[in-house]
Structures are given as structure tokens and as C-alpha cells.
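Got your viewer open? Here is a short tour, one selection at a time.

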Amino acid sequence: MSTAEQQPENPENPENPASDSLLGPADIRELAAALGVRPTKQKGQNFVIDANTVRRIVRTAGVRPDDVVVEVGPGLGSLTLALLESADRVVAVEIDDILAAALPATIEARMPARKDRFALVHSDAMLVRELPGPAPTALVANLPYNVAVPVLLTMLDRFPSIERTLVMVQAEVADRLAAEPGSKVYGVPSVKANWYAHVKRAGSIGRKVFWPAPNVDSGLVSLVRRTEPVKTTASKTEVFAVVDAAFAQRRKTLRAALAGWAGSAAGAEEALVAAGVSPQARGESLTVEEFAAIAEHKPAGQAPAAERGAS
């Protein structure tokens, strides 16, 4: 991150004015008032009110002129407008009825020359299985804190054409997603994100650029799709079943934690030894490749992971 990007955002900074097309603090509040919108914690809504911040997000995401960007939870359109400045086209997925109805008009009013490059999908992102237009190449979003991880993993799974992702999430979640084996916060989100992509922290976002200001800090997470998938004969479902089991009882050794998955502690030890993993190790020390190796050596006679309802 450059020195300029490390400077704190200032919504009221007159030396760094936004272009007329982007939304500032007054614009956001006026638009929300006109729509009768009050951000709710239930929906995890915190609207970005600083044009400098959304431009920084687009810049950090490396959005290119040929990109088709999908945005989840566009809200009032702050980030959407900034994305439209740089991308070829933007597809926004919004679950809120009022916000979804208002967004196309905001795009047309503030960026009429780009309105044909914008498409709206009024739906829950967890239910979306196809998007209009060309396949998306990037995902850039300010994700609602309460559903950030499942939405991120679902989008990466369903849209393999997404090469690059930059999401803004609660700082604690950002740390978990980008954690490496051995870290205290390394866990299920870390491993599952690594199944799809190379993950790293890409910056921090202060509280003052949001309305309402959240009581937690936010972080940017960059995910670059693996050019080659994890080499394994096990399916994603089988690997994720091992991951879930290992971290369900993270204080236990893998021999104990995987006993249910393997049918017995002895069966778990057999799989671990065959995979080259110490039965005394714990889940937070393993890479996604090691979890995949364990999945490959599931003891015979156990029901397939999919039949047991693995995520």
C-alpha cells in the first residue's frame, strides 16, 4: 500500500474533492432521507460516505477498463459509481427492496453515460446462481458484516470466472481470512478462502468514512484466484468436511477432533499418518493442501461427506 493510501480518509477534506458523479456525505444523507432509509444493524448496513475511500478501494482492487465487476450489497451506490468510472461494466446484487429500486435511478442521474454498463440483480447473494451479461472477472464489495464470509465463499464457488476479489469486511474477519497456518486466528474461513485463492490483507479502513459509524474497524482483503486448483483427488465437499471437523474442536489434537469424521480415533490416526500429518497436530497448523491430503485418505466404509451434509 502506498504512502498516500495509508493516510486516513477525511470525508470533509476540501483539498481532495470528489468529482460531481460520486456521492459525498451530504448526498448520502439526502438520498437516504428521500428514500426513508435508516441503516439497520440487522442488515449489517454501514454506507460509505467518503468518495476518496471508494476510489481507494477501486484502485487497490486493480480494476481494469475491461473488467466485469460484480458488487454485493451496493447500498446507496457509493462504491458502484466509483467502479463504473473504471470498469467495463458493473453488476450489483442487492437484497433490500428500497435500495434495489433506487439504485438504477441514482446511476442514471449521476453517471448517465455509463448507465448502459450497469445491471442490477435484486436478490439475496446467497441465492444468485447466474448473472446478466458477460461472466464477471472481479468481485469488489463492502460486505455486510453479519454475512461476509458465507457470501464471499459462495460467490467464489459459483463464479469461477472471478479472478480478483477485494472485499471490505470487519477487521477481525479480515484477519481471519488472511491468516496463515500457525496464527491464533487461523481457522475455517482462512482454509476455505485458500481453497479458491491466494489471500492477503490489503489495508485498513477507519470508522469515520461510514454512516452510521460502526463500533468496529474495517479491513480490506485481497483474493487472487489460484491459477491451478489445489492438487487433490478429493472433492471440495470432502475437503471442507475435514476442515469443519478439525476446527469444531480446535483445542483437541487432530486424532481426537477427526474421530467422528473418520469413524473412530484410530481411523483418524490412520488417515493422518497416510497423509503425512502428525496425529498430535492441531487444525490451526495445517495448510489447505494438508487438509486435502487427509480427505484423500478417509478410512474405507465411511459414508461420503456429501451424504453426511458437509458444507
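How do the axes of helix α3 (residues 51-61) and α4 cross, and within what distance do they come? Keep in mind that this is a predicted model, then select both helices: their axes come within 9 Å and cross at roughly 50 degrees. That angle is neither under 35 degrees nor in the 65 to 115 range, so α3 and α4 count as oblique to each other. The crossing is right-handed.

Now show the side chains at this contact. On α3, pick V54, R55, I57 and V58; on α4, pick S78, L79, A82, L83, E85 and S86. Colour them by type and you'll get six nonpolar, two polar and two charged residues.

Next, zoom in on S78, which sits in helix α4 (residues 78-86). Is S78 buried or exposed? Its relative accessibility is 8%, so S78 counts as buried, the cut-off being under 20%. Draw a distance from the side chain of S78 to the backbone oxygen of V48 and you should read 2.7 Å. Leaving aside residues up to four places away in sequence, S78 touches L23, I28, V48 and V54. V54 should look familiar: it is one of the α3 residues in the contact with α4.

Last stop: jump to helix α13 (residues 288-296). Which residues are buried there? Select V288, F291, A292, A293, I294 and A295. To see what covers these buried residues, switch on α8 (188-196), α9 (236-248), α11 (259-262) and α12 (265-275), which are among the covering elements.

Definitions and conventions: Residues numbered from 1 in each chain as written. Predicted model: local features only at pLDDT ≥ 70, side-chain atom pairs only at ≥ 80, totals over all residues. Heavy atoms only, no water. Helix = DSSP H or I, 4+ residues; strand = E, 2+ residues; numbered from the N terminus. Buried < 20%, exposed > 50% of the residue type's maximum accessible area, 1.4 Å probe, protein only. Polar contact = N/O pair within 3.5 Å; in protein donor to acceptor, adjacent residues only side chain to side chain. Contact = heavy atoms within 4.5 Å. Axes fitted to C-alpha atoms, helices over the stretch in contact; angles between N-to-C directions. Parallel < 35°, antiparallel > 145°, perpendicular 65-115°, else oblique. Left-handed = near helix turned anticlockwise from the far one by under 90°. Nonpolar A, V, L, I, M, F, W, Y, C, P; charged D, E, K, R; others polar.
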